[in-house]
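Reader: I am in my first year and I would like a close look at one part of this protein. Please show me how the core and the helices around it fit together.

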Amino acid sequence: MTGFAWVALILTALAAGPAWADDTAAVCPNPQEVHGFKTCADIAKAEAEGEVVVYATNPEAAEQKVLAAFRELFPKIKTNYVRLQAGALYAKVLAERQAKSYFVDILQLSDMGMVLDFQKKSGYLRYVSPQLAAFKPEYKSQPEGSWAWGAIGPAGIAYNPNVVAAADVPKDWKQAIDPKWTDAISVKVSNSGLQHVGWYELRKLYGPDYWKKFAELKPRAFDSYVQQYDRLVNQQDKIIHTAQYSGYLELKEKGAPVAFVAPADGLPATPESWGVVADAPHANAARLYLDWFLSVQGQTANGKFLYLHSARADAPPPAGGEPTSQLKLLMPTNWNEFLKTRLEFQREGDKATGLR
């Protein structure tokens with residue numbers, strides 16, 4: 001399925017309106033505490049299933065460390081992980097479901113348009129985790145139980161201080177599109193939920209000409225922030241536009257030559273929404289994993305290994321990072337309107353980076 005084909009499917013579904021499942025059995029009145037967190041999952045059945053399959057957009061090496069933290073508590077449950085960018089991942093899930101092939105238990109998407117579309121397709125198994133009480137209403141599905149924000153990923157401007165002179169460091173988003181960055185700047189590919197938010201929010205601030213000027217810099221697009229920061233460290237590029245804060249924190253802790261600017265106008269940010277998939281082959285293990293992941297324990301592990309911020313107020317920020325309360329985040333207030341801009345974003349983004 002091409003990128004534009006699945007966008008058309010999403011827009012059609014949005015026009016059709018919601019199709020919520022009324023599942024009162026999704027609510028658990030008496031959760032049990034296990035390993036320091038509360039769960040409504042049947043642990044015996046989860047261990048009998050013996051596996052949980054996670055589809056997500058995060059770099060595999062770091063995500064495997066989060067999964068390993070879960071396995072330490074539940075060694076009878078093995079974990080399998082599939083990683084793709086948000087658009088490609090969602091296309092894969094839709095294609096599998098169309099073929100009535102059900103492989104995935106837990107789905108994480110970094111694009112709220114896709115999340116809302118999947119909910120309207122009744123793609124989530126409704127499960128009201130006891131952990132949801134710690135999340136603000138805007139950080140979880142309505143009605144509760146389809147998905148919740150398991151992480152928030154802000155983006156700013158990253159550069160290599162060994163390459164960029166102090167006088168040349170971009171202080172804001174306008175300085176990040178100065179012609180001097182021609183052939184020395186990177187972004188994410190148009191399948192990235194974060195890149196779409198950056199395009200959407202900065203266009204609101206500066207108008208459509210902002211991205212036209214950006215295209216004149218001949219930017220390169222990459223599938224993963226790992227590639228972007230590798231190029232920055234290796235002095236192949238000078239700056240990363242809409243650079244993931246989590247990638248900067250990870251590289252900084254390793255002592256790499258990277259620096260980060262948080263523009264005063266704000267940082268585009270995308271939530272990572274997590275939920276159990278309808279027809280999940282290991283539904284009990286999936287419920288257990290989601291309860292652990294959304295708990296302070298799981299959120300702390302996610303911050304530790306992926307350097308992402310939690311949507312829970314009682315979870316610590318990632319090492320070396322500012323709490324979200326200290327950051328001005330730029331996120332769409334109307335996710336359905338945001339989704340309607342996807343085709344325009346893809347066309348403009350792909351053209352700017354030479355991908356079409």
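Author: What follows goes from the core to the helix pairs, and then to three residues in loops.

This is a predicted model, in which local features need pLDDT of at least 70 and side-chain atom pairs count only at pLDDT 80 or more, while totals for chains, interfaces and linings use all residues. Residues are numbered from 1 along each chain as its sequence is written, and side-chain values use heavy atoms, with hydrogens and water left out.

Start with the core. A nonpolar core is a set of buried Ala, Val, Leu, Ile, Met, Phe, Trp, Tyr and Cys residues joined through side-chain atoms within 4.5 Å. Buried means under 20% relative accessible area, exposed means over 50%, and partly exposed lies in between (1.4 Å probe, protein chains only). The largest nonpolar core here has 91 residues. Ile 106, Trp 149, Leu 288, Tyr 289 and Trp 292 have the most contacts inside it. Helix 10 (residues 283-294) gives the largest share of this core, 9 residues. Helices (H or I, at least four residues) and strands (E, at least two) are DSSP runs, numbered from the N terminus. A second, separate core has 16 residues, including Tyr 229 and Tyr 245. In soluble globular proteins, nonpolar side chains tend to be buried together.

Now take Leu 288. Contact means heavy atoms within 4.5 Å. Beyond its neighbours within four places in sequence, Leu 288 is in contact with residues including Phe 37, Ile 43, Phe 70 and Ile 77.

Next come the helix pairs. Two packed helices are described by the angle between their axes and the distance between the axes. Axes are lines fitted to C-alpha atoms, for helices over the stretch in contact, and angles run from 0 to 180 degrees between N-to-C directions. Angles under 35 degrees count as roughly parallel, over 145 as roughly antiparallel, 65 to 115 as roughly perpendicular and the rest as oblique.

Helix 3 (residues 60-73) meets helix 10, with axes that come within 11 Å and cross at roughly 110°. The two are therefore roughly perpendicular to each other. From helix 3, the contact uses Glu 63, Val 66, Leu 67, Ala 69, Phe 70 and Leu 73. From helix 10, it uses Leu 288, Tyr 289, Trp 292 and Phe 293. By class, this contact has 9 nonpolar, no polar and 1 charged residues. Here Ala, Val, Leu, Ile, Met, Phe, Trp, Tyr, Cys and Pro count as nonpolar, Asp, Glu, Lys and Arg as charged, and the others, Gly among them, as polar.

Helix 4 (residues 86-98) and helix 5 (residues 112-120) cross at roughly 15°, and their axes come within 10 Å. Helix 4 and helix 5 are therefore roughly parallel to each other. Their crossing is left-handed. A crossing is left-handed if the near helix is turned anticlockwise from the far one by less than a right angle, and right-handed if clockwise. Ala 86, Gly 87, Tyr 90, Val 93 and Arg 97 of helix 4 meet Met 114, Asp 117 and Phe 118 of helix 5. These residues divide into 5 nonpolar, 1 polar and 2 charged.

Helix 8 (residues 225-233) packs on helix 9 (residues 245-253) at an angle of about 50°, with axes 10 Å apart. Helix 8 and helix 9 are therefore oblique to each other. Helix 8 passes helix 9 in a right-handed crossing. Tyr 225, Tyr 229 and Val 233 are the helix 8 residues in this contact.

Last, the loops. Thr 57 sits between strand 3 (51-56) and helix 3. Thr 57 counts as buried, at 10% relative accessibility. Its contacts farther along the sequence include Gln 85, Ala 86 and Glu 272. Gln 85 lies in the loop between strand 4 (78-83) and helix 4. Gln 85 is buried, with a relative accessible area of 4%. Gln 85 is in contact with Thr 57 and, among others, Lys 188 and Asp 223. Gly 123 lies in the loop between helix 5 and strand 6 (148-159). At 0% relative accessibility, Gly 123 counts as buried. Gly 123 touches Arg 97, Phe 118, Val 277 and Ala 278, leaving out residues up to four places away in sequence.
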